[in-house]
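Hi everyone, thanks for coming. Let me put the structure up on the screen, and then we can walk around it together.

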Amino acid sequence: MNNSGITKKRYLDMVEEVSPNSKTFSNCLKAFIIGGLVCVLGQGLTALYRAMGAEMDVAATFASVTLMFFAVLLTGFGIYDEMARFAGAGLGVPITGFANAVAAPAIEHKKEGFIFGVGSKIFIIAGPVIVYGVAASSVMGIFYWLIYR
């Protein structure tokens, strides 16, 4: 018992009473379905660009850029956040989530101007991702070189 007269068991019971029920299965299912739909859309865009005559690597790049464009556009209109609340990791993990993470802080701080608002806030999320991505790929590259040289 502590100073307030509540036992550890009673405290845990009180926490259990007010804690919301976990919706892990439904959240995972929504993330899987929505994330899969984003991937299907990306595949469809790649096929469309291939049908228009682009080489495979160019078509895949165009598809990625198109997905990022729509993610930024939807972020600007405030729609992406609503979609992400529903889809969870299904929209947060793919390339669309990265585009949203870059665009959202810039849009949020645009009233501070292009230099101190957009310019400084656009890399608030992207900066660490880029730094750690480059660092991780460099370390993996060194391991690859050491193993397969």
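**A short walk around the model**

Let's begin with I125, which counts as partly exposed at 38% relative accessibility. One thing to keep in mind as I talk: this is a predicted model. I125 sits in helix α8, which covers residues 123-148. What does I125 touch, once we set aside residues up to four places away in sequence? The answer is A101 and P105. For a sense of scale, take K8: 117 residues separate K8 from I125 in sequence, and their C-alpha atoms are 40 Å apart in space.

Now please find D57 on your screens. This residue belongs to helix α3, residues 56-76. Is D57 buried or exposed? With a relative accessibility of 55%, D57 counts as exposed. Its C-alpha lies 9.2 Å from that of T46, and those two residues are eleven apart along the chain.

Helix α3 comes up again in my next topic, the largest pocket. A word on how one looks for such places: rolling a probe the size of a water molecule over the atoms shows where empty space is left. The largest pocket here has a volume of about 200 Å³. Which helices each supply at least two residues of its lining? They are α2 (24-51), α3 and α4 (79-87). If you want to colour the lining yourselves, pick I34, L37, V38, L41, L67, F70, A71, L74, Y80, M83, L91 and T96. By character, that lining divides into eleven nonpolar residues, one polar residue and no charged ones.

Last stop, and I suspect the bench people will ask about this: the cysteines. How many disulfides does the structure hold? Zero. C28 is in no disulfide, and the nearest cysteine sulfur to it, that of C39, is 16 Å away. Looking from the other side, C39 is in no disulfide either, with the sulfur of C28 as its nearest cysteine sulfur at 16 Å. Why does neither one count as paired? A disulfide here needs two cysteine sulfur atoms within 2.5 Å, so a separation of 16 Å does not qualify. As for their surroundings, C28 is partly exposed, with a relative accessible area of 47%. C39, on the other hand, counts as exposed, at 52% relative accessibility.

That's my tour. Thanks for listening, and I'm happy to go back to any of these places on the screen.

Key: Residues numbered from 1 in each chain as written. Predicted model: local features only at pLDDT ≥ 70, side-chain atom pairs only at ≥ 80, totals over all residues. Heavy atoms only, no water. Buried < 20%, exposed > 50% of the residue type's maximum accessible area, 1.4 Å probe, protein only. Helix = DSSP H or I, 4+ residues; strand = E, 2+ residues; numbered from the N terminus. 1 Å grid on protein atoms, 1.4 Å probe; cavity = no way out; pocket = protein on both sides within 12 Å on 5 of 7 lines; lining within 4 Å. Points joined across faces, edges and corners; volume = space filled by probe spheres on them. Nonpolar A, V, L, I, M, F, W, Y, C, P; charged D, E, K, R; others polar. Contact = heavy atoms within 4.5 Å.
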